[in-house]
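Me: Could you take a close look at one part of this model for me? I'd like to see how the strands pair up there and what packs around them.

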Amino acid sequence: MWARGLCNSLEKVRWLQRPMSQFFSGKAVSASLQEFLSARLGFPQPPPMLYRNLPFSQAKQLALQRGEGTEARDPPGALCVDTGVFTGRSPRDRYIERRENSPFADLIDWGEVNQPIEPRVVDDLQKDVAAHMASLPECFVYDGLVSSGPSRLKIRVLTELAWHHAFASNMFIPLGSPAEEAAFGEPDFTVVYASGYRNRRYRAMGLNSDIFIVLGLERRLALIAGTHYAGEMKKSVFTVMNAILPTRGILPLHCAATRSLDDASPNTICFAGLSGTGKSTLSADPQRKLIGDDEHSWDDTAIRNMEGGIYVKVIRLSPEKEPILYEAVRKPHTILENVVLDNRGVVQFDDATKTENTRATCPIQSIPQWETSRQGPPPKAFVFLVCDAFGVLPPVSVLSPIQAAYHFILAYTAKVAGTERGVQKPTATFSTCFGAAFMPFSGQAYATMLCDKLKRHGTRVYLVNTGWAGGSAADGAPRMDLRISRAIIDAISTDRIDTQNLQAPDPIFGLQVPRAVDGVDSRLLNPATFWSDSRAYQRQARQLAELMQAEYARKRYNPQWAAGGPLWSTKAAQVA
Ligand code: ATP
Ligand code: MN
């Protein structure tokens with residue numbers, strides 16, 4: 001893999017010196033790309049310089065020359081960039097084009113998350129973005145793939161920034177050979193990322209601000225403008241996949257996936273969970289191969305990674321706790337976002353001055369045990385990760401099919417906001433299917449597909465709490481030791497959890513806990529008895545149960561799955 005990259009690199013260094021018309025491997029390709037820009041995207045003229053599929057080292061070099069970032073001395077050679085005002089996604093500026101006569105118009109769950117935008121407004125924005133891109137001295141074209149097999153999509157990403165080009169080359173799946181590059185033809189979907197464009201007319205257009213992320217499913221085009229946060233491009237493509245795949249009978253999932261080392265009878269485990277619950281952390285497992293850390297699809301025969309790279313949080317990254325990820329960011333091709341460097345160029349992973357959400361992207365090859373097929377068989381186990389800051393959910397429980405449906409569609413986690421030192425105030429958040437922000441259809445659509453697949457493949461479902469247990473974050477208790485979460489995942493993946501002989505359901509959540517898990521203190525398994533103050537536990541657990549039921553009722557989720565929720569009955573449940 002690296003060797004091929006090097007060959008490409010040498011060839012393209014020469015290409016860099018040539019005028020645009022000779023830049024591509026053949027004139028035909030170049031002409032078709034120019035044609036694409038003008039006929040499909042409406043470029044008034046092509047930019048003077050277009051780079052296509054630059055090897056990482058070239059894109060990085062250009063990014064440095066153009067002043068987009070700096071090179072770290074440690075991790076050696078990492079490209080460090082700041083994303084400016086936006087250090088995370090901007091969900092309030094994300095729109096989906098609504099075309100009245102399109103089949104998508106009926107399928108999309110329009111609302112606050114999937115905000116509709118009218119075609120004539122998108123026409124205007126497309127014109128503006130095309131004019132902006134065409135006016136740049138240079139711009140970057142990445143042609144690659146998303147997913148494989150029946151989920152595969154050919155993707156083209158046009159960016160204004162060299163580091164966004166490098167990001168795309170890390171995160172999407174590269175074409176296999178120069179021949180494949182030459183034969184790429186028309187993409188199935190295009191992203192135009194005009195990071196430097198600001199929409200001054202946003203008020204007149206009825207938009208939220210001068211930045212926008214617009215997904216046009218029918219025109220097969222996403223327009224991103226104004227923000228520099230590269231995650232927008234990754235998650236825009238994911239959202240598009242989440243609209244396209246169900247129409248092919250394939251289930252898209254916001255989850256990580258690992259595969260056993262043994263290839264004779266391989267098995268897969270998936271980890272769904274909201275941001276910060278541990279998908280990337282727990283899927284970096286020395287005992288298993290990594291399929292992917294964030295976006296997968298589940299078709300009749302396989303779980304497939306949609307991506308070609310990983311995008312991980314690096315705040316407080318340590319070699320002791322997360323050796324695999326720590327080593328991965330030290331390999332070539334790493335991009336670090338919003339990290340702080342000291343005056344010797346050493347990255348300070350503990351420094352959250354710019355944001356808590358410091359991130360690294362690396363090609364998946366930076367994980368030694370990556371699964372080269374990018375897929376695994378249908379999963380034997382599906383883990384729902386939650387970070388329960390109230391400290392009342394057990395570290396692991398085994399879900400019945402109806403509980404799986406309930407917890408998947410509800411998708412709870414907690415966020416903690418630090419106040420005074422050591423004291424953190426938790427709030428519950430819910431995000432359907434563990435990724436509402438990326439799900440254009442109703443949660444019901446994805447959850448029903450998941451239930452069918454779990455049943456058909458006999459997949460066992462576990463709820464794993466990677467947050468607090470035995471005390472709330474509000475009491476200043478530390479988060480669950482990562483070693484405990486790893487021991488639980490280990491027990492799940494090696495079938496050492498006796499799912500036939502579980503403890504009786506607890507009276508509040510109705511969750512069934514294993515009698516023992518290797519490497520985990522048995523007292524910890526039952527928060528009700530582990531809390532030193534049992535009254536405090538009751539109060540806190542009932543409060544969370546009520547929040548869950550209230551949310552389930554408010555969203556009018558499937559009443560048939562309500563029985564999979566907390567047993568503790570409340571007014572909210574009666575209203576439902
Ligand atoms: P995203 O969807 O934003 O990529 P993610 O689910 O991949 O989120 P991670 O990047 O794995 O989440 O973040 C989990 C964070 O919580 C890491 O910084 C990890 O070190 C920390 N952490 C602390 N304790 C645990 C634990 N017990 N299990 C998992 N992660 C833990
Ligand atoms: Mn992740």
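Reply: Strands S8 (residues 189-194) and S10 (residues 221-225) run parallel and are joined by five bridges. If you want a spot to zoom in on, valine 191 stands opposite alanine 222 in S10. Keep in mind that this is a predicted model.

Zooming out, you get an open sheet of eight strands with mixed pairing, in the order S1-S6-S7-S8-S10-S9-S4-S5. The edges belong to S1 (49-52) and S5 (115-117); each has a single partner strand, so one side of each is left without a neighbour in the sheet. On average, neighbouring strands of this sheet are turned by 20° against each other, direction ignored.

Now for the helices. H5 (residues 119-134) lies across S4 (94-97), S5, S6 (138-146), S7 (153-159), S8, S9 (212-216) and S10, and runs at about 65° to S8. H6 (residues 162-171) also packs on the sheet, where it touches S1, S6, S7 and S8. The direction of H6 makes about 10° with that of S6.

One more helix, further along the chain, if you feel like scrolling: H14 (residues 482-493) has 12 residues and reaches 16 Å from its first C-alpha to its last, close to the 16 Å expected at 1.5 Å a residue. Its buried residues include Ile484, Ala487, Ile488 and Ile492. Among the elements covering the buried residues of H14 are strands S13 (268-273), S14 (288-292) and S27 (460-465), plus helix H10 (279-283). Just after H14, aspartate 495 takes a positive phi of about 55°.

Key. Residues numbered from 1 in each chain as written. Chains lettered and ligands numbered in written order. Predicted model: local features only at pLDDT ≥ 70, side-chain atom pairs only at ≥ 80, totals over all residues. Heavy atoms only, no water. Pairing = 2+ DSSP bridges. Helix = DSSP H or I, 4+ residues; strand = E, 2+ residues; numbered from the N terminus. Axes fitted to C-alpha atoms, helices over the stretch in contact; angles between N-to-C directions. Contact = heavy atoms within 4.5 Å. Expected span 1.5 Å × (residues − 1). Buried < 20%, exposed > 50% of the residue type's maximum accessible area, 1.4 Å probe, protein only.
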